[in-house]
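Thank you all for coming; I would like to walk through one structure this morning, taking a pair of helices to begin with and then turning to the interior. Please have the view open in front of you while I talk.

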Amino acid sequence: MHYQFINAANYIIANIDDATGDEADRNSIKAQAYAFRASCYFNLIRLYQRTYVGHENDPGVPIYTDPSNNQTEGKGRGTVTEVYTQINADLDQAITVFQNASAKKHISHIDLAVAHGLKARVALTQENWSDAATHAGLAITNTSSSLMSTDDVVAGFNSVTNPEWMWGSEINNEQTLSSSSFWAHMDAGAGGYAEESRKCASSWLYDQIGNNDVRKDWFVDPTTSADNSTGPDFRYNQLKFRIEQEGSWASDLLYMRLAEMYLIQAEAECMLTNYTSARNLLTTAIAYKDPNFAASLGAIPDGNALSLGTAGPVNNLIDFIILQRRIELWGEGFRIFDIQRLKTGFDRAYAGSNHSIQLTITDPESWEWIMMLPQKEFDGNINMDYSTDQNP
């Protein structure tokens with residue numbers, strides 16, 4: 001799928017300069033293609049190889065920047081560094097071209113703010129703290145989005161009308177994936193897979209959310225649940241993501257929102273020992289959701305040596321920032337990649353765990369959460385050898 005997207009972007013980049021029409025519109029299309037190609041490669045490299053730091057020279061994924069067809073000779077894996085170099089080059093080019101592009105016409109379109117947001121995500125993974133802080137800040141200042149209200153926080157995360165969304169897909173009845181969709185796997189009240197396979201928060205994580213924090217309402221209270229065999233009433237079950245209209249799978253999909261940018265910038269500033277700035281950013285993004293937040297943050301000492309594991313401890317500011325990131329972005333697609341880049345491993349066997357299978361992977365370099373390459377890649381690419389190129 002990602003390589004189909006990449007090839008589409010390659011065709012656009014190769015041909016857009018010859019298209020007729022307004023130059024600003026052409027620039028918008030070109031910049032979006034560069035940014036989307038970068039996003040695809042960023043997803044691929046994190047799915048099929050361990051995190052950047054410490055693995056710069058490990059095998060990456062094949063890189064294609066020209067249009068290809070079924071006669072194109074496949075390429076080898078290259079290195080992680082080469083993939084990240086391509087990602088950053090694409091994002092830099094997108095940011096440059098967006099300077100003279102027309103305004104975005106729909107939330108599904110990438111714009112300058114989203115390109116900066118993607119650059120911030122990449123820099124965070126590379127532990128390039130200065131770039132992460134800079135580009136997250138530029139994403140914030142260049143977007144027209146605003147932090148959502150507390151009413152929006154508990155409205156189901158299902159609509160592009162949410163003022164905080166920077167990038168997403170508006171899904172209509174003709175485009176929905178119905179029972180194969182994200183919503184079928186998340187909303188236990190919608191009649192899909194989640195009806196019996198509830199998506200639950202870690203009991204430890206739930207306990208870290210203040211009782212007056214509006215985000216506590218994202219999960220079923222374990223003390224009041226009936227623990228029904230089907231449906232949403234099950235302890236710790238998620239209520240954050242709910243379909244917009246009963247009987248329809250046509251709920252929208254979130255790809256980027258503003259709070260993530262504040263959290264990226266806060267983490268980066270903390271790693272740069274700019275602790276006051278980090279605290280201010282965290283306060284802006286989170287405090288209005290929890291009336292006791294200022295007191296909680298005030299009790300945390302400065303520090304940027306991460307000690308936070310799956311179930312604590314929260315010893316210093318970086319621990320607290322990562323905890324808030326884990327709460328705020330729950331279910332939005334970041335946790336597994338954060339486990340990789342932070343090299344923490346995970347523990348589902350902590351005291352009081354609500355996990356039915358209490359798996360523990362303490363090795364931060366584990367291959368357990370890295371995908372194996374598809375067999376089709378070896379069948380169709382003469383420059384890929386299963387015996388030497390497949391992941392363990």
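The crossing of α4 and α9 is left-handed, and, in this predicted model, the axes of helix α4, residues 112-125, and helix α9, residues 258-271, come within 10 Å and cross at roughly 40°. If you look at where they touch, Gly117, Ala120, Arg121 and Leu124 in α4 meet Glu260, Met261, Ile264 and Glu267 in α9, and when that contact is sorted by class it has four nonpolar, one polar and three charged residues.

Now to the interior. In soluble globular proteins, nonpolar side chains tend to be buried together. Here the largest nonpolar core has 100 residues, and those with the most contacts inside it are Tyr41, Tyr84, Ile87, Met166, Leu282 and Leu317. Helix α2, residues 23-48, gives the most to this core, with eleven residues. There is also a second, separate core of five residues, which includes Ile339, Ile361, Trp369 and Ile370.

Finally, the aromatic rings: a search of the whole structure finds 17 aromatic pairs. In one of them, Phe42 and Tyr84 meet edge-to-face, 6.2 Å centre to centre and with 80° between the planes. Phe42 lies in helix α2 and Tyr84 in helix α3, so this pair ties together parts that are 42 residues apart in sequence, and both residues are buried. Phe157 and Trp218 also form an edge-to-face pair, at 5.7 Å and 85°; both are buried as well, and they belong to one aromatic cluster with Phe182, Trp183 and Phe241.

Notes
Residues are numbered from 1 along each chain as its sequence is written. This is a predicted model: local features need pLDDT of at least 70, side-chain atom pairs count only at pLDDT 80 or more; totals for chains, interfaces and linings use all residues. Side-chain values use heavy atoms; hydrogens and water are left out. A nonpolar core is a set of buried Ala, Val, Leu, Ile, Met, Phe, Trp, Tyr and Cys residues joined through side-chain atoms within 4.5 Å. Buried means under 20% relative accessible area, exposed over 50%, partly exposed in between (1.4 Å probe, protein chains only). Helices (H or I, at least four residues) and strands (E, at least two) are DSSP runs, numbered from the N terminus. Axes are lines fitted to C-alpha atoms, for helices over the stretch in contact, and angles run from 0 to 180 degrees between N-to-C directions. A crossing is left-handed if the near helix is turned anticlockwise from the far one by less than a right angle, and right-handed if clockwise. Contact means heavy atoms within 4.5 Å. Ala, Val, Leu, Ile, Met, Phe, Trp, Tyr, Cys and Pro count as nonpolar, Asp, Glu, Lys and Arg as charged, and the others, Gly among them, as polar. Rings of Phe, Tyr and Trp (its six-membered ring) pair if their centres lie within 6.5 Å; planes under 30 degrees apart count as stacked, over 60 as edge-to-face and the rest as tilted.
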